[in-house]
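Ready for a few warm-up exercises? Take a look at the model below, then work through the tasks one by one.

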Amino acid sequence: MAAAGAEAPRGETGARCHRPPGPLPRHKPSRRTKWARRRRADTRSAVRSRPATSPGRTGSVRAWFRVPRAPVLGGVCTRAASFKAWCVPCLVSLDTLQELCRKEKLTCKSIGITKRNLNNYEVEYLCDYKVVKGVEYYLVKWKGWPGSTNTWEPFRNLKCAQLLQQFFSDKNSYLSRGKKGKAIAPKTSGKPLPPAVAEYIVQKAKQRIALQRWQDYLNRRKNHKGMIYVENTVDLEGPPSDFYYINEYRPAPGITLNNEATFGCSCTDCYFEKCCPEEAGVVLAYNKNQQIKIKPGTPIYECNSRCQCGPDCPNRIVQKGTQYSLCIFRTSNGCGWGVKTLVKIKKMSFVMEYVGEVITSEEAEKRGQLYDNQGITYLFDLDYESDEFTVDAARYGNVSHFVNHSCDPNLQVFSVFIDNLDTRLPRIALFSTRTIKAGEELTFDYQMKGSGELSSDSIDHSPAKKRVRTECKCGAETCRGYLN
């Protein structure tokens, strides 16, 4: 067994078993195998004479012998190679696998359990607190060990300042939820915290670990400069269970995306010479400060892979990806997850691209009905020239999957063409409409009223139905009050 990564979404990657379903094929026994069989037969009487159980264990005793392994070629055994490394995802989490290994005193380098750290104890989080005879004790959950091994440890034994700070922060956060916002001070009579308080602290600790793993997963998958952070100080909601991060369009079965450019420019300075935009009949979209200067509704044609200009070309902006560090955070106004910038963004600057699964309009109608019943939809119609395709970011997407709607947005949508010049399949880029301060939430108008650009089909993360008159929660002064 080999674990591919604790943070990977369930069903995508994980611990794998390199064998097909059903019984293994029978192999001709070697001399060594025959010797092992004879040895097993010779020791049957010895096994029967041993006690039925070992100290600290229950159940029957079995005699185990080293079975000859299959030859290894290039790190893969010949048995796996013969089946072309057929794999099945393991639904057991990395934590559970590590706990099972330590419980049975087994080692597995693939999941990080070696002889050196098999008996190591590292504080994963703190579960409870009590004071006995003036000494503070904390109930410790040990990393990689089952909960049955939790122990009460005195404060002097703990060297985890950050975990202690998080413990008291979570405890005070729960206690401050008392009537009229007054904190409820628990009695310190040598007893642990009230069960509800301790349970909340454990849930927050587990949530914090899950969000950190999800954050690590997102940053491993991204291909742009800007970092992605995850934050939830509102509730106990964890990472989405069925969301996979992608960096570009993912075509559905039956759809082909032609990402090979047919021609390119030969400019030495694309800002002053006749470049790709002029060949397409439009003007260059950017100024010298890499800010967009065209009106909404005008397409952007960037230099592509066939162009002779280098990566510093002023007409290569969207293709470089997000340059800003962004944070996926839990909103406090009931809109679910949102996205905020951690740095200042100048006016008319490229912020992010909206990506997802490219499906046909007919398929979008079917999925739209299903999403309506669930109260969510992430369908974005690519109707720049025709209405043949739709981008669905429900399961596959990037940071833009979490951007909320606002009737007074700070982002504007533009259609972009780079390598794929098919006008039925423009890329969707989001540019800032004004200067955005650090910590400010990023939003765009799902209906794009008056933009003359691509139209969104109610891409809402809060309960909002597609093509249905729905209440808007953006809170803007110019709020229309509904999403139609």
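## Exercise 1: Two helices

Work out how α5 and α6 are oriented: they turn out oblique to each other. Show the steps, keeping in mind that this is a predicted model.

Solution. Start with the geometry: α5 (residues 161-175) and α6 (residues 195-221) pack at an angle of about 125°, and their axes are 9 Å apart. Angles of 65 to 115 degrees count as roughly perpendicular and those over 145 as roughly antiparallel, so an angle between those two ranges is oblique. As for handedness, the α5 and α6 crossing is right-handed. Next, see who meets whom: α5 brings residues including Phe-167, Asp-170 and Tyr-174, while α6 brings Val-197, Tyr-200 and Arg-208, among others. Sorted by type, the residues of this contact come to 7 nonpolar, 2 polar and 4 charged.

## Exercise 2: The cores

Find which residues touch the most other members of the largest nonpolar core.

Solution. This core has 49 residues, and the ones to pick out are Trp-214, Met-352 and Leu-442. Now zoom in on Leu-442: leaving aside residues up to four places away in sequence, its contacts include Leu-326, Val-339, Ile-345, Met-352 and Ile-436. Apart from the largest core there's another one, of 15 residues, with Tyr-129, Trp-145, Cys-160 and Leu-175 among them.

## Exercise 3: A loop residue

Decide whether Asn-259 is buried, partly exposed or exposed.

Solution. First locate Asn-259, in the loop between β8 (250-251) and α7 (276-279). Its relative accessibility is 45%, so Asn-259 counts as partly exposed. Finally, check its surroundings: not counting residues up to four places away in sequence, Asn-259 touches Asp-419 and Asn-420.

Technical notes
Residues are numbered from 1 along each chain as its sequence is written. This is a predicted model: local features need pLDDT of at least 70, side-chain atom pairs count only at pLDDT 80 or more; totals for chains, interfaces and linings use all residues. Side-chain values use heavy atoms; hydrogens and water are left out. Axes are lines fitted to C-alpha atoms, for helices over the stretch in contact, and angles run from 0 to 180 degrees between N-to-C directions. Helices (H or I, at least four residues) and strands (E, at least two) are DSSP runs, numbered from the N terminus. A crossing is left-handed if the near helix is turned anticlockwise from the far one by less than a right angle, and right-handed if clockwise. Contact means heavy atoms within 4.5 Å. Ala, Val, Leu, Ile, Met, Phe, Trp, Tyr, Cys and Pro count as nonpolar, Asp, Glu, Lys and Arg as charged, and the others, Gly among them, as polar. A nonpolar core is a set of buried Ala, Val, Leu, Ile, Met, Phe, Trp, Tyr and Cys residues joined through side-chain atoms within 4.5 Å. Buried means under 20% relative accessible area, exposed over 50%, partly exposed in between (1.4 Å probe, protein chains only).
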